[in-house]
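Student: Please take me through one part of this model closely, and then set it beside the rest. I would like the reasoning laid out in one connected account.

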Amino acid sequence: MCLAIPGKIAEIQEKEGVRTGRVLFGGIARQACLDFVPEARVNDYVMVHVGFAISVVRKEEAERTYALLESMGVVGEELALRSGETPSS
Amino acid sequence: MQRITNTDVISLPSDSVNQEVNGTPAGFACPVPLPAGGRVLLGHGSGGKLSAELLREVFLPALGNPVLDRMEDQAVVSLNGMRLAMTTDSFVVKPLFFKGGDIGSLAVHGTINDLAMGAAKPLWMSVAFILEEGLPLDVLRRVVASMHAAADRAGVQIVTGDTKVVEKGSADGMYINTTGVGLVREGISLSASQAQPGDAILVSGMIGDHGIAILAEREGLKFDTEVRSDTAALHELVGTLLEATSEVRCLRDPTRGGLSSALNEIAGSSQAGIELQETAIPVREEVRGACEMLGLDPLYVANEGRLVAIVAADAVEEALRALQSHPLGADARTIGRVTKEHPRMVVMRTVFGTTRIVDMLTGDQLPRIC
Amino acid sequence: MKYMDEYRDVKIARGLATEIRRRSTRPWVLMEICGGQTHTLMRYGIDELLGSSVELVHGPGCPVCVTPLEMIDRANALARRPQVTLVSYGDMLRVPGSETDLFHVKAEGGDVRIVYSPTDAVELARKEPERQVVFFAIGFETTAPAHAMAVLQARRLGLRNFHLLVSHVLVPPAIRMLLQSGRNRVQGFIAPGHVCTVMGVTEYEELAREFHVPIVVAGFEPVDLLDAIRLLVCQLEEGRVEVENSYARSVQYAGNRVAQLAVERVFEATDRKWRGVGEIGASGLRLKNEFAAFDAERVFGLANVHAEEPSECISAEVLLGHKKPTDCAAFGTRCSPENPLGAPMVSTEGACAAYHQYRRHLVTL
């Protein structure tokens, strides 16, 4: 477990004392409970699991790690080409 | 690593019909037959392995005959030198009305498509209604008007019908059963058993629209860009394709059970393998998002206005051009090929170049949380 | 889709795979705990991408798979009661109990319904006050906060017809049990990123320290898992033992305190039986006495059922990573997704089902 996917908060409302967000997942909108992420704001990305946001995606962390991953991709490709190794296929 | 071969599995005492189901020899799935006193499950209607099992265990032993046993989407019978195609279908969709269509247009299109997949020109239909007591007449009028419009557009006549009413609580409002009759195009014989290694696999457009449109309506999913059912009559598209090339082996409309079921059936009937390219499978962004969210795989989601075509390798260009020239085939593309490797199995080459099996589902695809 | 598609990038994935193969001097045995991660590994053929540079074994990470037989039997029994509406996540419906499963109970007339969120179950209870709604609350730590909120909401709404049938399990005790076993072969762990999103990383630090085993917290996309495997291989090659967080975009060191508080408010630790594995101390959650009115087990007086697994099922061995699904004599023949002998064949995250569904064309005989 567990299937949680990232979505962007488009709107935040209070529904019967529960902080609820209208969250967009690649073009579809779904309601998610935001009670576990009181710091979340409109335009933040959140990880949503069974209708509840469990974290706010940390942009800087993501960017930092991704930059490293991308460089690994480039280096890896070069190494593979140099050693004549073809990617497993 | 060795490949598993047929001789390595437990063999069954065969039933009266030696039916290959879902692309694997009957012995590979559980050899224990349906228990006597077992019950019908929802999964038996989902177009996957359970459906195949029901056919194998209940229907074919009792009803089998040379025409039925061929198990195509339509039956072809000969009369006075003419080849007639006949099909039957039932429509139990809930809700009755959805974006892009309703149970009425679905019924007409679905019947036409089953005939079209056999290269038959659809001519006549029967329609039988099973209505729930209490259904508002306005609803019935809307559905019937929609059926009339769909049949009219397709040049099909609804020539006979029937009505039954059942007590409140049954039939989800209404069920529709149809029979369609058409004339098979001369000089053409399409069959799921004709796929050969080297053939190309084409799909006429984006997959998963219908299933997601229905699910969205039922579950109250809101889409920024609406997902509409793709329900449509495909006989003209088929006509355009068959005019362009005679080297079409097989056509299927991937309805319940999705693209995966249709391809597994073809692989099974043809005793050939199928290899798909993940990067080539066309899926609308909204459909992909809905599937990610619910943990569904678009390969298993129903379509009602798409076809899969198996064509000879050297006919691919003309075939694609023909499909793409028609509004219903604008997004047509090649998604894979038939191979002699892994016979009866559908295998996907992933974006990473690795492989995985695209299995036939057991019953309905269940949304997952894991 | 942002924060998803980029982590499926082919070039990065291949680059990571190349790096792993380059660094690895022997087939390190690595285990991922979470079923969702198993699913990704199988679906993208990551084992194929890595060849013999690592050996991937799959842990008891599918709460569907480890829900004890007795609990399924209880759910089935409840679903058969005429006034009960048994509400469940989709995955649970096909899991076999001692005699039957929820799908069959539904076919026989039981009121069984699928929901995507526990909020839907609460809504149902509200809309249908004449029904006794029982929500089959399975899951790891990731889902416990949502279930806690459902109970709190039900209480706030004054609902008397909403109950949970709780079968929550906790990950660290399972890892501990695995590591304490004399037969453990696992040399590095991929920790479940969404469990850690809720719970943080400290429990895994204790495990790493106590058992001297590297752990990397990972996400669920193929690039996430490949990066975690790379970090584990580096640790193992260099003789380091650390807990690294490669899912920092979602996981913070302390986890989600608000979510943890909700769980602490409503649940408490309890001993739990894991299907195929046996009882693990303090490895589950149960509702606190204060919430007894919402506890289906207490409200409906469910007797203690004793249930036996079919003897052919080796799910225990599979769940602990001692055997592969393909080592089982019944794999693919007497045991298949249509007729499963045990839970790992039913849930799409179960190792056996994943192998059968995606990889059986590579079965070695």
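Tutor: Helices and strands here are DSSP runs numbered from the N terminus, a helix (H or I) needing at least four residues and a strand (E) at least two. The model is predicted, and where pLDDT is low, the predicted coordinates should not be read in detail.

I will take chain B as the part to examine. Chain B holds nine helices and 15 strands, and of its 370 residues 52% are buried. When contacts in chain B are restricted to residues at least 6 apart in sequence, 82% of them join residues at least 24 apart.

Helix α4(B) is a good place to begin. It spans residues 137-154, that is 18 residues, and its first and last C-alpha atoms are 26 Å apart, close to the 26 Å expected at 1.5 Å a residue. Its buried residues are Val143(B), Met147(B), Ala150(B), Ala151(B) and Ala154(B), and because they fall within an arc of 95° when seen down the axis of α4(B), they line one face of the helix. This fits a general rule: an α-helix has 3.6 residues a turn, so residues three or four places apart point the same way. Turned away from the buried side of α4(B) is a face that carries the exposed residues Leu137(B), Asp138(B), Arg141(B) and Asp152(B). The partners against which the buried residues of α4(B) pack are strands β4 (101-102), β5 (120-132), β6 (157-166) and β7 (174-184), together with helices α3 (103-116) and α6 (235-244), in chain B. Just after α4(B) comes Gly155(B), which takes a positive phi of about 70°.

Helix α5(B), residues 209-219, is placed in another way: eight of its 11 residues are buried, so the helix is largely enclosed by the rest of the structure. Those buried residues are Asp209(B), His210(B), Gly211(B), Ile212(B), Ala213(B), Ile214(B), Leu215(B) and Ala216(B). Their cover includes β3 (97-98), β9 (222-223) and α8 (285-294) of chain B. Following α5(B) is Gly220(B), with a positive phi near 65°.

The backbone of chain B has further points worth inspecting. Lys94(B) and Pro95(B) are joined by a cis peptide bond, with omega about 0°, and Pro95(B) sits in the loop between β2 (82-91) and β3 of chain B. Gln271(B), although not a glycine, has a positive phi of about 55°; its place is the loop between α7 (258-270) and β11 (273-277) of chain B. Gln271(B) counts as partly exposed because 14 C-beta neighbours lie inside 10 Å. Ile357(B), in strand β15 (residues 355-357) of chain B, is by contrast buried, with 21 other C-beta atoms within 10 Å. Although Ile357(B) and Val346(B) are 11 residues apart in sequence, their C-alpha atoms are 6.0 Å apart in space.

In chain A, Glu16(A) also has a positive phi of about 55° without being a glycine, and it lies in the loop between β1 (4-15) and β2 (18-25) of chain A. Glu16(A) is exposed, with 8 other C-beta atoms within 10 Å. As to confidence, chain A averages a pLDDT of 87, and 90% of its residues score at least 70. Among the elements of chain A, the mean pLDDT is lowest, at 84, for helix α1 (residues 59-82) and highest, at 97, for strand β5 (residues 52-56).

Chain A also touches chain C, in a contact that takes 38 residues from chain A and 43 residues from chain C. On the side of chain C, the largest share, eight residues, comes from α1(C), and the residues of that side which touches chain A divide into 19 nonpolar, 14 polar and 10 charged.

Within chain C there is a further contact to consider. The chain is divided into domain 1 (5-61 + 172-245), domain 2 (64-170 + 255-299) and domain 3 (315-362). The C-alpha centres of domain 1 and domain 2 of chain C lie 30 Å apart, and the contact between them takes 12 residues from domain 1 and 17 residues from domain 2. On the side of domain 1 of chain C that touches domain 2, α10(C) gives the largest share, six residues, and the residues of this side divide into nine nonpolar, three polar and no charged.

Conventions. Residues are numbered from 1 along each chain as its sequence is written. Chains are lettered from A and ligands numbered from 1 in the order in which they are written. This is a predicted model: local features need pLDDT of at least 70, side-chain atom pairs count only at pLDDT 80 or more; totals for chains, interfaces and linings use all residues. pLDDT is the predictor's confidence in each residue, from 0 to 100. Domain bounds come from an automatic or database domain assignment. Two residues are in contact if their C-beta atoms, placed from the backbone, lie within 7 Å. Ala, Val, Leu, Ile, Met, Phe, Trp, Tyr, Cys and Pro count as nonpolar, Asp, Glu, Lys and Arg as charged, and the others, Gly among them, as polar. The expected span of a helix is 1.5 Å times one less than its number of residues. A residue is buried if 20 or more other C-beta atoms lie within 10 Å of its own, exposed if 12 or fewer, and partly exposed in between; C-beta atoms are placed from the backbone. The arc is that of the directions from the helix axis to the C-beta atoms.
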